[in-house]
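Hello,

Here is the structure I promised to pass on to you. Please open it beside this email, and then read on for what turned up in it.

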Amino acid sequence: MASGTSRGRLRVLGIDPGLTRCGVGVVDVAPDRSATLVHVGVVRSDPGAPIEERLALIAAGLRAVLDAHSPDVVAVERVFAQHNRATVMGTAQASGIALLVAGERGIAAATHTPSEVKAAITGYGNADKRQVQTMVARVLRLDELPKPADAADALALALCHAWRGAPAAPTSGPLTPAQRAWADAERVARR
């Protein structure tokens, strides 16, 4: 976990890139890996609009989230190969916008694959969307599953980034299943 955050915790903006729906989620994560929801939402663009307008809308929406919540770091889903070339191109373009906006502000940015995120949140790299939503809701102590899926994925990205590479700290209560799975994976990796 990054040190030197002025608020005693790490604030992470997770971004699930997409041209039509770009999920955004901001969480505060304490040194003991407990997390609190700060913001969740979706930046939308009209599929019928010209690409340059859509990308400008996404950039403006992301800048607004950065202005409102001042994250310490940005975590973006890493684009992976898909069979649908149009989908992967749109996702890559939105991902580039997210990384650009972070760079403009001098905010560190990282990318994580969907499998990394699923493993960090559920302990299983092939978890389905419902399993991810359920664990995100549990970790953040939400009364309902975060929706839409793009927003839940953004929160999962933020949590994954905060937990990844952060030293395990003693907690005052029992670990969540995802925290236990992550601690086990860290122990195996150190061998």
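**What was found**

Strand β2 is largely enclosed by the rest of the structure, because eight of its nine residues are buried. Please keep in mind throughout that this is a predicted model.

**The overall picture**

Since you are new to this one, here is the general layout. The protein chain has six helices and five strands. Followed along the sequence, they come in the pattern β-β-β-α-β-α-β-α-α-α-α. Of the 191 residues in the protein chain, 46% are buried. Looking at contacts between residues at least 6 apart in sequence, 63% join residues at least 24 apart.

**The sheet**

In what order do the five strands of the open sheet lie? The order is β3-β2-β1-β4-β5, and the pairing is mixed. At the edges are β3 (35–44) and β5 (108–112), each of which pairs on one side only. From one strand to the next, the twist averages 20 degrees.

Strand β2 is a good place to begin looking. With β1 it runs antiparallel, and seven bridges join the two. One pair to find there is Val12, which stands opposite Val27 in β2. The link from β1 to β2 is a hairpin through four residues.

Strand β2 (residues 21–29) also runs antiparallel to β3, and here nine bridges join the strands. Two pairs will help you find your way: Val24 stands opposite Gly41 in β3, and Val26 stands opposite His39 in β3. The hairpin of β2 and β3 has five residues between the strands, and among them Arg33 takes a positive phi near 75 degrees.

Next, please turn to helix α1 (residues 51–69). This helix lies across β1 (10–16), β2, β3 and β4 (73–77), and it runs at about 155 degrees to β3.

**How the helices pack**

Two helix pairs are worth a look, and α4 takes part in both.

The first pair is helix α3 (residues 114–122) with helix α4 (residues 129–139). They pack at an angle of about 50 degrees, and their axes are 9 Å apart. At that angle, α3 and α4 are therefore oblique to each other. Their crossing is left-handed. Which residues of α3 and α4 meet? From α3 come Lys118, Ile121 and Thr122, and from α4 come Gln131, Val132, Met135 and Val136. The residues in this contact of α3 with α4 are four nonpolar, two polar and one charged.

The second pair is α4 with α5. Their axes cross at roughly 60 degrees and come within 9 Å. That makes α4 oblique to α5, and the crossing of α4 and α5 is left-handed. On the α4 side the contact is made by Lys129, Val132, Gln133, Val136 and Val139. On the α5 side it is made by Ala149, Ala152, Asp153, Leu155, Ala156, Leu159 and Trp163. The residues of the contact of α4 with α5 divide into nine nonpolar, one polar and two charged.

**A few backbone details**

Most residues other than glycine have a negative phi, and most peptide bonds are trans. With that in mind, here are some spots to visit.

- Ser70 is not a glycine, yet it has a positive phi of about 45 degrees. Its place is in the loop between α1 and β4. Is Ser70 buried or partly exposed? Ser70 is partly exposed, with a relative accessible area of 40%.
- Arg141 is another residue other than glycine with a positive phi, here near 55 degrees. You will find Arg141 in the loop between α4 and α5. Arg141 is exposed, as its relative accessible area is 55%.
- Lys147 and Pro148 are joined by a cis peptide bond, with omega about -5 degrees. Pro148 lies in the loop between α4 and α5 (149–163).

If you have time for a short tour, I would start at β2, where eight of the nine residues are buried. From there you could go on to helix α1, which lies across β1, β2, β3 and β4, and finish at the cis peptide bond of Lys147 and Pro148.

Enjoy looking around, and do write back with any questions.

Best wishes

How values were computed. Residues numbered from 1 in each chain as written. Predicted model: local features only at pLDDT ≥ 70, side-chain atom pairs only at ≥ 80, totals over all residues. Heavy atoms only, no water. Axes fitted to C-alpha atoms, helices over the stretch in contact; angles between N-to-C directions. Parallel < 35°, antiparallel > 145°, perpendicular 65-115°, else oblique. Left-handed = near helix turned anticlockwise from the far one by under 90°. Contact = heavy atoms within 4.5 Å. Nonpolar A, V, L, I, M, F, W, Y, C, P; charged D, E, K, R; others polar. Pairing = 2+ DSSP bridges. Buried < 20%, exposed > 50% of the residue type's maximum accessible area, 1.4 Å probe, protein only.
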